[in-house]
Amino acid sequence: MGKKENEMSAMEIDDPKSDGSEQIIPRFSMNVLQIMKSSQAQHGLRRGDYTRYRRYCSARLRRLYKSLKFTHGRGKYTRRAILESTVTDVRFLHVVFYMAERAWSHAMEKRQLPDGPNARQRIYLIGRLRKAVKWASLFSSLSSIKTDSRTSLEAEAYASYMKGTLLFEQDQNWETALACFKNASAVYEELGKYGDLENQVLCRERVEELDPSIRYCLLKIGKTNLQTSELRQIGEMEGPALDLFKAKIEAAMEEARSQQAASLTEFNWLGYRFPVSNPKSRVSILKAQDLEKELQGPGAESLPAEKKLTMYDKLFTAYNDARSTIRSDLVSAGNAESVKDDLNGLDKAVGAVLGQRTIERNQLLVKIAKSKLNKKRDEKTEKVTKPEELVRLYDLLLQNVADLSDLISSGRDRKPEEIAFEEECQRKSLAFRAERCFYLAKSYSLAGKRVEAYALYCRARSLAEDALSKFQSIANKDEGIIQELKALSKECRANSCIEHATGIMEEEKAPENLSKKISTISLNDTATKVEKYLVDKLEMYESAVGDANTKMAPKIERFPPAFQSIPRNPIVLDLAYNCIDFPVLDERKKKVQRGFISRLWG
């Protein structure tokens with residue numbers, strides 16, 4: 001009796017054949033959404049890398065073909081169709097599913113080209129999406145016969161999503177696309193009520209991903225009115241299902257702005273009205289004004305700081321695009337003086353508004369940095385602000401205010417609004433100087449320089465009092481700035497008293513500390529090593545005892561002293577002495593006369 005491949009779970013689809021029964025035709029089970037989400041998240045789509053995901057799908061298909069022995073011939077390629085009779089193993093359904101995923105990821109890869117797909121690439125993109133719809137439809141039809149009811153429903157929702165994606169990209173049959181997306185959303189919403197907790201969460205996330213596409217289709221068929229801000233909020237959502245949607249949403253926002261830009265004929269600034277004739281300039285200015293309304297609206301306080309910074313970046317891009325268009329118009333204006341004057345005034349006005357928003361953005365950065373100044377580091381990745389960083393931010397603010405003041409004061413005949421705005425810039429500059437001086441004093445205090453810190457705190461208090469008096473003298477008082485300056489003045493006074501007292505205490509304890517440090521001086525350096533000894537620094541004006549950065553006791557000299565090479569006399573070996581034959585000189589010796597008795601006893 002032959003062996004047949006039996007039902008396999010999603011985690012065991014790469015295993016070899018297993019024994020099964022020929023009489024019972026099993027109903028396969030396959031968690032389509034979970035397999036799709038895990039494959040996409042683990043193989044590139046978490047960072048939008050569709051090329052990596054396409055390659056994974058190709059490698060996955062090769063493994064499935066090999067494990068199923070479902071190859072297409074050697075040498076000459078002969079495709080083997082997957083029919084109802086072919087599906088004797090759940091892995092055949094995986095083959096069809098990953099064929100659809102590979103075609104879809106290839107289409108999305110073309111969509112995410114830097115400059116967008118050209119005409120030829122777009123034709124190829126549509127062809128790959130059609131191929132994905134074909135495989136998804138086959139997957140749905142096979143699942144309706146070979147799998148259980150839940151898998152069949154998931155496969156149907158998957159095929160509906162692919163059909164809707166194709167129509168979405170083709171910009172046609174919006175009613176059909178809406179029906180496809182609604183069908184998929186209804187299936188996932190119903191499946192989200194059953195099963196384990198993980199599957200319920202995945203289904204709910206899928207419903208949220210499909211909701212923007214449904215709303216956009218309703219917008220295109222005229223059944224809803226979405227504002228530009230609502231479109232932008234939808235476009236900020238993340239997920240592979242929304243990547244194709246984001247390109248469309250930006251085009252829809254541009255279209256909506258183009259319709260609204262027809263009513264934008266002039267730009268008002270400090271009592272001046274400058275005509276805006278170029279449609280590109282109108283669209284860019286309108287985009288920036290929409291962002292300004294969100295940043296300054298009633299719901300701005302609830303926005304997180306990171307989102308505000310992102311919106312400021314987009315606002316700067318919009319105003320810079322407008323200035324670029326205005327300057328291009330200036331070049332092409334020729335000798336038309338009246339047109340040139342209007343364009344120069346418009347460029348100046350847009351530049352001034354851009355400077356104001358730059359100041360607001362840097363003030364937001366200061367607020368974020370202040371919130372982390374006295375915060376303890378609970379996590380390793382969390383960065384704590386240093387006073388020097390706030391000093392740098394206030395330097396930027398002072399430069400921004402100076403640039404804006406120069407731009408406003410550059411005109412000859414100035415209106416009262418311009419004069420009042422310049423005075424406001426001067427008041428802001430004084431307040432920023434006080435804040436900068438305060439944090440500079442704090443940085444000196446942390447370095448242990450009490451005299452400098454005390455003088456800077458006193459200077460910061462003087463600047464804060466001066467700025468406070470000027471803000472209180474105007475008619476329209478800004479209570480927020482006034483309260484901040486009052487708090488700054490009190491803090492400067494408190495810190496100056498602390499620095500004064502700390503300096504006196506350190507001065508009183510200086511002889512004691514010096515004697516303690518001198519008592520630690522040792523001749524022995526066997527325990528620790530130091531870079532320089534006291535005898536090595538005799539010609540340098542540098543303290544070896546009172547240096548606060550030194551972690552170890554100062555050393556006078558190395559003991560025992562190190563060996564040194566010294567010069568000495570050369571060694572001479574007299575080797576010629578043994579080789580000399582000396583003459584016999586006996587005959588030259590004096591002969592001694594000896595008597596008879598001495599010769600007898602000699």
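Buried means under 20% relative accessible area, exposed means over 50%, and partly exposed is in between, with a 1.4 Å probe and protein chains only. Keep that handy for the exercises.

This is a predicted model, where local features need pLDDT of at least 70 and side-chain atom pairs count only at pLDDT 80 or more, while totals for chains, interfaces and linings use all residues. Residues are numbered from 1 along each chain as its sequence is written, and side-chain values use heavy atoms, with hydrogens and water left out.

**Exercise 1.** Work out how many helices and strands the protein has, and what share of its residues is buried.

*Solution.* Start with the DSSP runs: helices are H or I with at least four residues, strands are E with at least two, and both are numbered from the N terminus. That gives 18 helices and two strands. Next, take the 602 residues: 39% of them count as buried.

**Exercise 2.** Find the salt bridge between Arg 450 and Glu 506, and say which parts of the chain it ties together.

*Solution.* First, the criterion: a side-chain nitrogen of Lys or Arg within 4 Å of a carboxyl oxygen of Asp or Glu. Arg 450 and Glu 506 pass, at 3.2 Å from N to O. Now place them: Arg 450 sits in helix 15 (residues 450–473) and Glu 506 in helix 16, so the pair ties together parts that are 56 residues apart in sequence. Last, check the cover: Glu 506 is partly exposed, at 37% relative accessible area.

**Exercise 3.** Look at the salt bridge of Glu 266 with Arg 273: how exposed is each partner?

*Solution.* The closest N and O atoms of Glu 266 and Arg 273 are 3.8 Å apart. Glu 266 comes out partly exposed, at 31%, and Arg 273 is exposed, at 62%. For the wider picture, the whole structure has 19 salt bridges, and Lys 37, Arg 206 and Glu 209 are linked in a network of them.

**Exercise 4.** Describe the lining of the largest pocket: which helix gives the largest share, and what classes of residue are there?

*Solution.* Begin with the helices: helix 14 gives the largest share of the lining, eleven residues. Then sort by class. Ala, Val, Leu, Ile, Met, Phe, Trp, Tyr, Cys and Pro count as nonpolar, Asp, Glu, Lys and Arg as charged, and the others, Gly among them, as polar. The tally for the lining is 22 nonpolar, seven polar and 14 charged residues. As for what a pocket is, on a 1 Å grid over the protein atoms alone it's an open set of points where a 1.4 Å probe fits, with protein on both sides within 12 Å along at least five of seven lines; lining residues have an atom within 4 Å of a point.
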